[in-house]
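Q: I am new to this structure and would like a close look at a single part of it. Could you walk me through that part and then show me how it fits into the rest?

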Amino acid sequence: MERLDKRALNALQPPDFRNESSLASTLKTLLFFTALMITVPIGLYFTTKSYVFKGAFGMSNRDSYFYAAIVAVVAVHVVLALFVYVAWNEGSRQWREGKQD
């Protein structure tokens, strides 16, 4: 009977996070890449449209929109790939640390 009471108490307790700093680190990484996802493609779009395609190459307004959009899409894919790489390495590092316990 006493064993059942301990199980019931353990079931009611919130989950125990082994390392609270890993949760904070994960949140910081997510917020960092969220900011990158917003700023990098938009910044590259307007920068390449104005200075590279219109200014340096002398393209028409319509063509500069098109090629700047391609640059922005490539930038989104690069940021996503970097996020996946960082998340994968962070997860494997936490797994290795947890395995050593």
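Where is threonine 48 found, and which residues does threonine 48 touch, not counting residues up to four places away in sequence?

A: Threonine 48 is found in helix H2. Keep in mind as you look that this is a predicted model. Helix H2 is a good place to begin, since the helix, which runs over residues 20-56, has the highest confidence in the protein, with a mean pLDDT of 93.

Now for the surroundings of this residue. Threonine 48 counts as buried, because its relative accessibility is 10% and the cut-off for buried is under 20%. Leaving aside residues up to four places away in sequence, threonine 48 touches Phe53, Lys54, Ala68 and Val71. Being buried puts threonine 48 in a group that makes up 14% of the 101 residues of the protein.

For a contrast, try valine 74, which lies in helix H3, residues 61-100. Valine 74 is partly exposed, because its relative accessible area is 47%, and partly exposed covers what falls between 20% and 50%. Valine 74 also belongs to a nonpolar patch on the surface, together with Phe66, Tyr67, Ile70, Val78 and Leu82. The accessible area of that patch is about 540 Å² in total. The protein as a whole exposes about 8,300 Å², with carbon and sulfur atoms supplying 67% of that area.

Let us step back to the overall layout. The protein has three helices and zero strands, giving the pattern α-α-α along the sequence. Of the contacts between residues at least 6 apart in sequence, 61% join residues at least 24 apart.

The UniProt record, an unreviewed entry, adds the annotation "transmembrane region" for residues 27-46 and 66-88. In the model, residues 27-46 are 100% helix, and the C-alpha atoms at the ends of this span lie 29 Å apart. Residues 66-88 are also 100% helix, with end C-alpha atoms 33 Å apart.

Finally, a word on confidence. The protein has a mean pLDDT of 83, and 71% of its residues reach 70 or more. Confidence is lowest in helix H1, residues 2-12, where the mean is 55. Over residues 12-17, pLDDT stays under 50, and the model has zero contacts beyond four places in sequence for them. Where pLDDT is low, the predicted coordinates should not be read in detail.

Key: Residues numbered from 1 in each chain as written. Predicted model: local features only at pLDDT ≥ 70, side-chain atom pairs only at ≥ 80, totals over all residues. Heavy atoms only, no water. Patch = residues over 30% accessible without salt bridge, like charges linked within 9 Å, V, L, I, M, F, W, Y side chains within 5 Å. Areas by Shrake-Rupley, 256 points an atom, 1.4 Å probe, with all protein chains shown as cover. Salt bridge = Lys/Arg side-chain N within 4 Å of Asp/Glu carboxyl O. Helix = DSSP H or I, 4+ residues; strand = E, 2+ residues; numbered from the N terminus. Buried < 20%, exposed > 50% of the residue type's maximum accessible area, 1.4 Å probe, protein only. Contact = heavy atoms within 4.5 Å. UniProt positions renumbered as here; feature names shortened; annotations may be inferred. pLDDT = per-residue confidence, 0-100.
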